Amino acid sequence: MQQTVFACNECDYLIQIEDIPSGHVASCPRCHHHILHRKVNSINRTVAISASGLLLFLPATFYPLMSMKILSLESSASLFSGMIALWQSELFLVASLVFIFCIFTPFIKLMAAFIICLGLKLNYQKDSWYKQLLLFYHKVDSWEMLEVFMVGILVSIFKLNGMADLSLNIGLLCFAALMLCVIALKVTLDKPLIWDKIDNG
Ligand SMILES: [Zn+2]
């Protein structure tokens, strides 16, 4: 059976670990820190969650998040139209940040996780671009801030409530579901397992 050497993050103790069953945890014998946690049914769950996130991506981005009516004026905005409005208002930095953190990075993360896990599930040829894709995922992993944008939406709803007639649209529901999918991806994706599968077939 293949053994891999791990270093404990807490006490630097080196430990050889054989492949452990899904759902089990390998702990450091010296400080009992969790070194390796094989997540349950990681590949299937990640495929399902990333596919759901990708299906939600278009409505969450292009459908109106909310509509606002003041006197006889009514307007609605989606995530994409909001970003365009920021750009047209010459708030280039803010528009770019919205694009990177709320559109580009979540999409790339979902797409990378879907391609890698579906490929491993179907036993497609494990080319080097799997590694490149996973390395890219590592780089953009913390560059997604849908939660921050969601808090901004909730604050604006709270502030505008009473000043205007607000109605929440389907885009907001899709955006919330997309945010949950991206959070769930962090829970289900087992990166050490994927590295092992890519390296060892
Ligand atoms: Zn330790």
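Colleague: What makes the arrangement of the four donor atoms around the zinc ion tetrahedral?

Modeller: The angles they subtend run from 101 to 117°, and four donors count as tetrahedral if all angles lie between 85 and 135 degrees, so the label fits. Keep in mind that this is a predicted model, where local features need pLDDT of at least 70 and side-chain atom pairs count only at pLDDT 80 or more, while totals for chains, interfaces and linings use all residues. Residues are numbered from 1 along each chain as its sequence is written, and side-chain values use heavy atoms, with hydrogens and water left out.

Colleague: Which residues are the protein donors of the zinc ion, and how do you know that they are donors?

Modeller: Cys-8, Cys-11, Cys-28 and Cys-31, each through SG, lie 2.2 to 2.3 Å from the zinc ion. Donors are N, O and S atoms within 2.8 Å of the metal (3.2 Å for Na, K and Ca), so these SG atoms qualify; water is not among the atoms, so sites may look incomplete. Their sequence spacing is C-x2-C-x16-C-x2-C.

Colleague: Why is Cys-8 called buried?

Modeller: Its relative accessible area is 1%, and buried means under 20% (exposed is over 50%, partly exposed in between; 1.4 Å probe, protein chains only). Cys-28 counts as buried too, because its relative accessibility is 1%.

Colleague: What about helices α3 and α4: at what angle do they pack?

Modeller: Helix α3 (residues 92-121) and helix α4 (residues 128-140) pack at about 145°, with axes 10 Å apart. Axes are lines fitted to C-alpha atoms, for helices over the stretch in contact, and angles run from 0 to 180 degrees between N-to-C directions.

Note on methods: Tetrahedral: all angles 85-135°; square planar, octahedral: opposite > 155°, others 65-115°. Helix = DSSP H or I, 4+ residues; strand = E, 2+ residues; numbered from the N terminus.
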